[in-house]
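Here are a few notes to read beside the model. I have kept them as numbered points so that you can check each one on screen.

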Amino acid sequence: MFRFDDDLKVYLHRAPVDFRLNINGLATLVQQALGLDPFAACVYVFSNRRRDRVKILGWDRNGFWLLLKRLEEDRFIWPSETAAPTLTVEQLHWLLEGIDIGVVQRHPQRMYQHAG
């Protein structure tokens with residue numbers, strides 16, 4: 001599977017998009033609907049209405065790249081409207097694997113002092 005760097009910013013477009021949109025159309029959507037810079041060092045995630053396809057748009061130094069994942073029988077579990085519009089790279093990988101990121105919770109990070 002394709003893996004992203006852990007420090008990459010991931011932005012989620014909540015509403016379904018028309019998957020006939022190409023790179024230029026998605027870049028315009030990033031700028032107008034999300035109010036973000038499509039040339040930033042991050043990725044933008046889009047889904048179609050049936051949630052069986054995901055497109056990921058990103059800029060890399062001198063050009064855009066576009067990833068598409070199509071599920072044959074299953075559906076992506078899209079985060080709810082109340083969830084944050086940004087994801088961690090780990091959450092993006094979970095989303096692409098079919099894990100419901102709305103119910104996954106990590107243990108809190110603990111800070112211990114030395115005993116002794």
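1. Where is Arg51 found? Arg51 sits in the loop between strand 2 and strand 3. Please keep in mind that this is a predicted model. The residue is worth a look for its backbone: Arg51 has a positive phi of about 60°, although it is not a glycine. Most residues other than glycine have a negative phi. As for its surroundings, Arg51 is buried, with a relative accessible area of 17%.

2. A companion case is Arg61, which is found in the loop between strand 3 and strand 4. Arg61 is not a glycine either, and its phi is positive at about 55°. Is Arg61 buried or exposed? Arg61 counts as exposed, because its relative accessibility is 72% and exposed means over 50%.

3. Now to the hairpin around Arg51. Strand 2 and strand 3 form this hairpin, with five residues between them, and Arg51 belongs to the turn. The two strands, strand 2 and strand 3 (residues 53–60), pair in the antiparallel sense over five bridges. If you want a place to start tracing the pairing, Val45 stands opposite Ile56 in strand 3.

4. On its other pairing, strand 2 meets strand 1 (residues 9–12): four bridges join these strands, which run parallel. Here Tyr11 stands opposite Tyr44 in strand 2. What do strand 1, helix 1 and strand 2 make? Strand 1, helix 1 (residues 23–32) and strand 2 make a β-α-β unit, and the unit is right-handed.

5. How well covered is strand 2? Strand 2 (residues 42–47) is mostly covered, with six of its six residues buried. In a regular strand the side chains alternate between the two faces of the sheet. Both faces of strand 2 are covered: on one side Cys42, Tyr44 and Phe46 are buried, and on the other Val43, Val45 and Ser47 are buried as well. Tyr44 and Val45, the residues named in the pairings above, thus fall on opposite sides of the strand.

6. Side chains of opposite charge can pair when their charged atoms come close. How many salt bridges does a search of the whole structure find? The search finds three salt bridges. One of them joins Arg50 and Asp52, with the closest N and O atoms 3.4 Å apart. The partners sit in unlike settings: Arg50 is partly exposed, with a relative accessible area of 49%, whereas Asp52 is buried at 5%.

7. Another salt bridge brings together the side chains of Arg20 and Asp18, at 2.8 Å from N to O. Arg20 is exposed, with a relative accessible area of 73%, while Asp18 counts as partly exposed at 37% relative accessibility. There is also a salt bridge between Glu72 and Arg70, where the closest N and O atoms are 2.9 Å apart. Glu72 counts as exposed at 60% relative accessibility, and Arg70 is partly exposed, with a relative accessible area of 48%.

8. On to the aromatic rings, where the count comes to five aromatic pairs. One of them is stacked, because the rings of Phe4 and Trp65 have their centres 6.1 Å apart and their planes at 20°. Why does this pair tie together parts that are 61 residues apart in sequence? Phe4 lies in the segment before strand 1 and Trp65 in strand 4 (residues 63–70), so the link is between those parts. Phe4 is buried, with a relative accessible area of 9%, and Trp65 is partly exposed at 27%.

9. The rings of Trp59 and Phe64 make an edge-to-face pair, because their centres are 4.9 Å apart and their planes are at 70°. Trp59 counts as partly exposed at 25% relative accessibility, and Phe64 is partly exposed too, with a relative accessible area of 24%. Together with Phe39, Trp59 and Phe64 form one aromatic cluster.

10. Last, a surface feature. Ile99, Val103 and Val104 form a nonpolar patch on the surface, with about 230 Å² of accessible area together. Val104 lies in the segment after helix 2 (89–97). Taken on its own, Val104 is partly exposed, with a relative accessible area of 32%.

Technical notes:
Residues are numbered from 1 along each chain as its sequence is written. This is a predicted model: local features need pLDDT of at least 70, side-chain atom pairs count only at pLDDT 80 or more; totals for chains, interfaces and linings use all residues. Side-chain values use heavy atoms; hydrogens and water are left out. Patches are made of residues with over 30% relative accessible area and no salt bridge: like charges are joined within 9 Å, nonpolar side chains (Val, Leu, Ile, Met, Phe, Trp, Tyr) within 5 Å. Accessible areas come from the Shrake-Rupley method with a 1.4 Å probe; for residues, only the protein chains shown count as cover. A salt bridge is a side-chain nitrogen of Lys or Arg within 4 Å of a carboxyl oxygen of Asp or Glu. Buried means under 20% relative accessible area, exposed over 50%, partly exposed in between (1.4 Å probe, protein chains only). Two strands pair if DSSP finds at least two bridges between them. A crossover is right-handed if, with the strands pointing away from the viewer, the path from the first strand over the helix to the second runs clockwise. Rings of Phe, Tyr and Trp (its six-membered ring) pair if their centres lie within 6.5 Å; planes under 30 degrees apart count as stacked, over 60 as edge-to-face and the rest as tilted.
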